[in-house]
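Me: I would like to understand how the labels used for a protein model are justified, taking them one at a time. Could you show the structure before we begin?
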Amino acid sequence: MTEKIYTTKKLGMFMLFVIVLGLIAATLMIVWGFAGMAGGTGAGGLVGVLGILLWIILPICIGGLKVLKPQEALVLTLFGKYKGTLKGEGFYFVNPFCTSINPAQFTQLGQSGDIGGGGSGLLSALTKSNSGKETTAEFDAQMRASKKISLKVMTLSNSKQKVNDALGNPVEIGVAVMWRVVDTAKAVFDVDNYKEYLSLQVDTAVRSVAKVYPYDIAPNVDTTGDGEADDGSLRGSTELVAARIKDEIQKKVEAAGLEIIDARITHLAYSPEIAAVMLQRQQARAVVDARKMIVDGAVGMVEMALDKLNESEMVNLDEERKAAMVSNLLVVLCAGKDAQPVVNSGTLY
């Protein structure tokens, strides 16, 4: 289905003025007609009947008055046939028998939950249990919900998903997607509910992309598909992962007439069942890296001390004394506690 703009001028104010004048004239015609009939005038009956017909026809024309705000659209059908889409703010008059359609009328995308998860859909209005008055009021508000389609940039923040990364580790990931409707005909007629369709495609795209990357940098993992291992990871390549998710969603929602503006990762963490183990693993890796740095620094300091002693010729050390000195210096420099010196008053021999 291809979108086409409904060709009509903004005659809403003019037609409203005509309808109001017509109703006033019809009322006068009815009064004058019945007065003429009472007076024996034959033409009065015809005038009265004409006034009644106007009172039947003109209220029907009121249904053709449509008001659009900026960044709103209205998809119109006439007896089941797609007539076109009204776009652009203004006060319009269209065929009063045209009906507007929006299958996602009662569906709202929550900022922190899936479709209907925030209690904002029609189902939540029916099942809310605060009080009977509040439930009825919300239900009435949902039933009066406009069938206009918003063309603004909107945000979808689906709930966190548990997926397996490239190494099979369970990971929780959540994304926020900025999107908008660009083709109203595709959004309305080519899919059943374009908002639910978008939410489902976001979930599948996140799952398919996240399984390509490890949570952290891992050896022998190919994330680009070129057959060579690289340093890509969910934690270290956030921008790249988000861009791939955006492209994946865009390919899936093209048929629904939607455009994905941006996608961002809003939550990334190991699943609770392995989070503690992974934390211990990271701590152990940090300890090993720290110890390695300490040893490298201590060895350099020992080499520097021996070189200084040899240059100054302050003390002549044989190999055994050098070994003892190296051992003592490494113990002092690598130990996690302050050194406790031992004064040797004798000799090594």
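Me: In which helix is Val188 found?

Reply: In this predicted model, Val188 is found in helix 5.

Me: Why is Val188 called buried or exposed, whichever of the two applies?

Reply: Val188 has a relative accessibility of 6%, and since buried means under 20% relative accessible area, Val188 counts as buried.

Me: What is Val188 in contact with, leaving aside its neighbours within four places in sequence?

Reply: With those neighbours set aside, Val188 is in contact with Val75, Ile101, Pro103 and Ile149. Ala104 can be placed relative to Val188 as well: these two residues are 84 residues apart in sequence, while their C-alpha atoms are 8.2 Å apart in space.

Me: Why does Val18 count as it does, and where is it found?

Reply: Val18 is found in helix 1, which covers residues 12-38. Its relative accessibility is 34%, and because partly exposed lies between the 20% limit for buried and the 50% limit for exposed, Val18 counts as partly exposed. Val18 also belongs to a nonpolar patch on the surface, together with residues including Leu11, Phe14, Phe17 and Leu28, and the patch has about 930 Å² of accessible area in total.

Me: How do you know that the span of helix 7 is close to what is expected?

Reply: Helix 7 (residues 238-253) has 16 residues, and the expected span is 1.5 Å times one less than that number. The expected value is 22 Å, and helix 7 reaches 22 Å from its first C-alpha to its last, so the two are close.

Me: Which residues of helix 7 are buried, and what covers them?

Reply: The buried residues of helix 7 are Val241, Ala242, Ile245, Ile249, Gln250 and Val253, and what covers them includes strand 9 (170-181), helix 6 (194-210) and strand 10 (258-270).

Me: What makes up the largest nonpolar core?

Reply: This core has 39 residues, and among those that touch the most other members are Trp179, Val202 and Ile249. Strand 2, strand 9, helix 5, helix 6, helix 7 and strand 10 each give two or more residues to this core, and the largest share, seven residues, comes from helix 6. A second, separate core of nine residues includes Tyr6, Leu68, Leu76 and Cys98.

Me: How much of the protein is buried?

Reply: Buried residues make up 34% of the 349 residues in the protein, whose secondary structure comes to nine helices and ten strands.

Conventions. Residues are numbered from 1 along each chain as its sequence is written. This is a predicted model: local features need pLDDT of at least 70, side-chain atom pairs count only at pLDDT 80 or more; totals for chains, interfaces and linings use all residues. Side-chain values use heavy atoms; hydrogens and water are left out. Patches are made of residues with over 30% relative accessible area and no salt bridge: like charges are joined within 9 Å, nonpolar side chains (Val, Leu, Ile, Met, Phe, Trp, Tyr) within 5 Å. Accessible areas come from the Shrake-Rupley method with a 1.4 Å probe; for residues, only the protein chains shown count as cover. A salt bridge is a side-chain nitrogen of Lys or Arg within 4 Å of a carboxyl oxygen of Asp or Glu. Helices (H or I, at least four residues) and strands (E, at least two) are DSSP runs, numbered from the N terminus. Buried means under 20% relative accessible area, exposed over 50%, partly exposed in between (1.4 Å probe, protein chains only). Contact means heavy atoms within 4.5 Å. A nonpolar core is a set of buried Ala, Val, Leu, Ile, Met, Phe, Trp, Tyr and Cys residues joined through side-chain atoms within 4.5 Å.
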